[in-house]
Amino acid sequence: MHADTPLWGFGDDIQPYNFTDGDDFGCLSRIAYGDWTIQQAADPDAEPEWMRLTNYGVFHCAIVERSAHDRDYLDRSAYRYSFFVHIGDTKRDGKPLELWVLQSGTRPGSDYLLLARTPAEEIIKSFDVLQRECPSSARRTGLQMDIWQTDYCSINSRGALIAFAKAMARKPPLARLAHFGEPPEDPAATEQSAEAVSEP
């Protein structure tokens, strides 16, 4: 799903977010940084897709998001500046459910992954990935280009995206997005650090 311009920004319930406390300042996030997997619900034995979420910095709060089909390629994949956004609440089978999106990229516009989770206070390390059965009125299709897809789902208002997320939350989840762990150490960086420490 894509919106021509980002639908959420500062002042909304986005993660990460800025904080100030006296002389202290920086960025906080309820979402765990590190490597995540996306495991399809229909085929739990299939190889997962991978996502790496790292912190942009302390002055400008954002997630640096990288995606790849293989964990070994995450450090070489293209990146986007992204945010998790709590967009509302609903119920599934009578139980409360938080609705979230991963808002990926800023210009031109943002892509959206619909997410849901059972409310809890601890740091967030998993989400259900919701179905994405695009309404026919929101489908955009370009010219055929060999094997490459040109169609996408265009939703350009908060209200429409929230309503769509609530409808998808009533269906079985598409996949599971789960924290896997910290990115593996870069041997070259570790070697450089060791050399720096050993210098007089």
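What follows is a friendly conversation about pockets, aromatic pairs and backbone features in this structure.

Biologist: What kind of model is this, and how are the residues numbered?

Modeller: It is a predicted model, where local features need pLDDT of at least 70, side-chain atom pairs count only at pLDDT 80 or more, and totals for chains, interfaces and linings use all residues. Residues are numbered from 1 along each chain as its sequence is written, and side-chain values use heavy atoms, with hydrogens and water left out.

Biologist: Good to know. What makes a space a pocket and not a cavity?

Modeller: On a 1 Å grid over the protein atoms alone, a cavity is a set of points where a 1.4 Å probe fits but cannot get out, whereas a pocket is an open set with protein on both sides within 12 Å along at least five of seven lines. Lining residues have an atom within 4 Å of a point. Grid points are joined across faces, edges and corners, and the volume is the space filled by probe spheres set on the points. By that rule the largest pocket holds about 570 Å³. Its lining has 23 residues, and I38, E49, R80, L113 and R132 are the closest to the centre.

Biologist: Which strands supply at least two residues each to that lining?

Modeller: Strands are DSSP runs of E with at least two residues, numbered from the N terminus. Those supplying at least two lining residues each are strand 5 (34-40), strand 6 (49-55), strand 7 (63-68), strand 9 (95-104), strand 10 (110-117) and strand 13 (152-153).

Biologist: How does the lining of the largest pocket divide by residue type?

Modeller: Ala, Val, Leu, Ile, Met, Phe, Trp, Tyr, Cys and Pro count as nonpolar, Asp, Glu, Lys and Arg as charged, and the others, Gly among them, as polar. The lining then splits into 13 nonpolar, five polar and five charged residues. The second largest pocket, with a volume of about 260 Å³, has a lining of four nonpolar, two polar and two charged residues. Its lining consists of M1, C134, R139, T141, Q149, D151, Y152 and C153.

Biologist: Why is the pair of W36 and F127 called stacked?

Modeller: Rings of Phe, Tyr and Trp (its six-membered ring) pair if their centres lie within 6.5 Å; planes under 30 degrees apart count as stacked, over 60 as edge-to-face and the rest as tilted. W36 and F127 are 6.4 Å apart centre to centre with 25° between the planes, hence stacked. W36 lies in strand 5 and F127 in strand 11 (residues 126-129), so the pair ties together parts 91 residues apart in sequence. W36, F84, W100 and F127 form one aromatic cluster.

Biologist: And what makes Y79 and Y81 a tilted pair?

Modeller: Their centres are 5.6 Å apart, and the 55° between the planes makes the pair tilted.

Biologist: How do you know whether W36, F127, Y79 and Y81 are buried or exposed?

Modeller: Buried means under 20% relative accessible area, exposed over 50%, and partly exposed in between (1.4 Å probe, protein chains only). W36 has 0%, so it is buried, and F127, also at 0%, is buried too. Y79 at 45% is partly exposed, as is Y81 at 31%.

Biologist: What is notable about phi in D93?

Modeller: D93 has a positive phi of about 55° although it is not a glycine. D93 sits in the loop between strand 8 (79-92) and strand 9, and its relative accessible area of 76% makes it exposed.

How values were computed:
Helix = DSSP H or I, 4+ residues; strand = E, 2+ residues; numbered from the N terminus.
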